[in-house]
Amino acid sequence: GLGTTDDAATLVQKTLQEFHQPMVLDADALNIISLNKEWLAQIPKDSIITPHPKEFERLFGKAENDFERINSATELSEKYPFIIILKGHHTLIACRGKGWFNTSGNSGMAKGGSGDILTGILTSLLAQGYTPLQTSITGTYLHGLAGDIALQNQSPESLLASDIIENIGGAFNQLYKNKKEVQE
């Protein structure tokens, strides 16, 4: 909801210049940076960017297919000191030249607002002191798991962003349960 006005661009530029802690960048912030590509080098180390394929294309150029885009994201994660969460059917987390695919989530989540929820989860985990890579992997998984739990009472067509929010607690509970089972 930031928009891409001159005032918004000034705010993004000032934030990149003055704030040096890891941050999460999504949506309009990425669209503004795509118009000012030299700002990519100003993104603080260990930050997390969360582009969907079109935002990724605006930032880094077109790819012929998903495989090329995945390879590009992985390579770019070596060039830049930030993590790239390339949202999609199997979301990719690219960090320092390595990549992980998220196994949770469903097609019903490909709706407006779902990415905002992911950004909120990531920001929350980062603020709680998780490392940026832990934040990226765990947050992406929890986001998808909340969508999967929500889908048990919905259909992909009727799933709303608010349904994902309502199931974040259930996703955490499932994660804790899985952790406990592994430890036993």
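Ala-27 counts as partly exposed because its relative accessibility is 25%, where partly exposed lies between buried (under 20% relative accessible area) and exposed (over 50%), using a 1.4 Å probe and protein chains only. The residue sits in helix H2, with helices (H or I, at least four residues) and strands (E, at least two) taken as DSSP runs numbered from the N terminus. This is a predicted model, so local features need pLDDT of at least 70 and side-chain atom pairs count only at pLDDT 80 or more, while totals for chains, interfaces and linings use all residues. Residues are numbered from 1 along each chain as its sequence is written, and side-chain values use heavy atoms, with hydrogens and water left out.

Backbone angles come next. Most residues other than glycine have a negative phi. Ala-27, not a glycine, nevertheless has a positive phi of about 45°. Asp-46 is not a glycine either, and its phi is positive at about 70°; Asp-46 is placed in the loop between H2 and strand S2 (48-49). As for separation in space, the C-alpha atoms of Ala-27 and Ala-127 are 20 Å apart, with their positions 100 residues apart along the chain.

Leu-11, in helix H1, is also on the list: its 46% relative accessibility is why Leu-11 counts as partly exposed. From Leu-11 to Leu-76 the C-alpha separation is 25 Å, for 65 residues in sequence.

Now for the interior. The largest nonpolar core has 24 residues, and those touching the most other members are Leu-16, Leu-25, Ile-33, Ile-43, Ile-49 and Ile-84. A nonpolar core here is a set of buried Ala, Val, Leu, Ile, Met, Phe, Trp, Tyr and Cys residues joined through side-chain atoms within 4.5 Å. Two or more residues of this core come from each of helix H1 (6-18), helix H2 (27-34), helix H3 (53-60), helix H4 (66-79), strand S3 (83-86) and strand S4 (92-95). Setting aside neighbours within four places in sequence, Leu-25 is in contact with Leu-16, Leu-30, Ile-33, Ile-43, Ile-48, Ile-49 and Thr-50, contact meaning heavy atoms within 4.5 Å. Another core, of 14 residues, lies apart from it, with Ile-121, Leu-125, Ala-161 and Ile-168 among them.

Helix packing is next. H3 and H4 have axes 12 Å apart and pack at an angle of about 55°; axes are lines fitted to C-alpha atoms, for helices over the stretch in contact, and angles run from 0 to 180 degrees between N-to-C directions. The two helices, H3 and H4, are therefore oblique to each other, given that angles under 35 degrees count as roughly parallel, over 145 as roughly antiparallel, 65 to 115 as roughly perpendicular and the rest as oblique. On the H3 side Pro-53, Phe-56 and Phe-60 meet Arg-69, Ser-72, Ala-73 and Leu-76 of H4.

For helix H6 (residues 132-151) and helix H8 (residues 168-183), the axes come within 8 Å and cross at roughly 115°. That makes H6 roughly perpendicular to H8. Thr-138, Tyr-141, Leu-142, Leu-145, Ala-146 and Ile-149 make the contact from H6, and Ile-168, Gly-170, Ala-171, Phe-172, Gln-174, Leu-175 and Asn-178 from H8.
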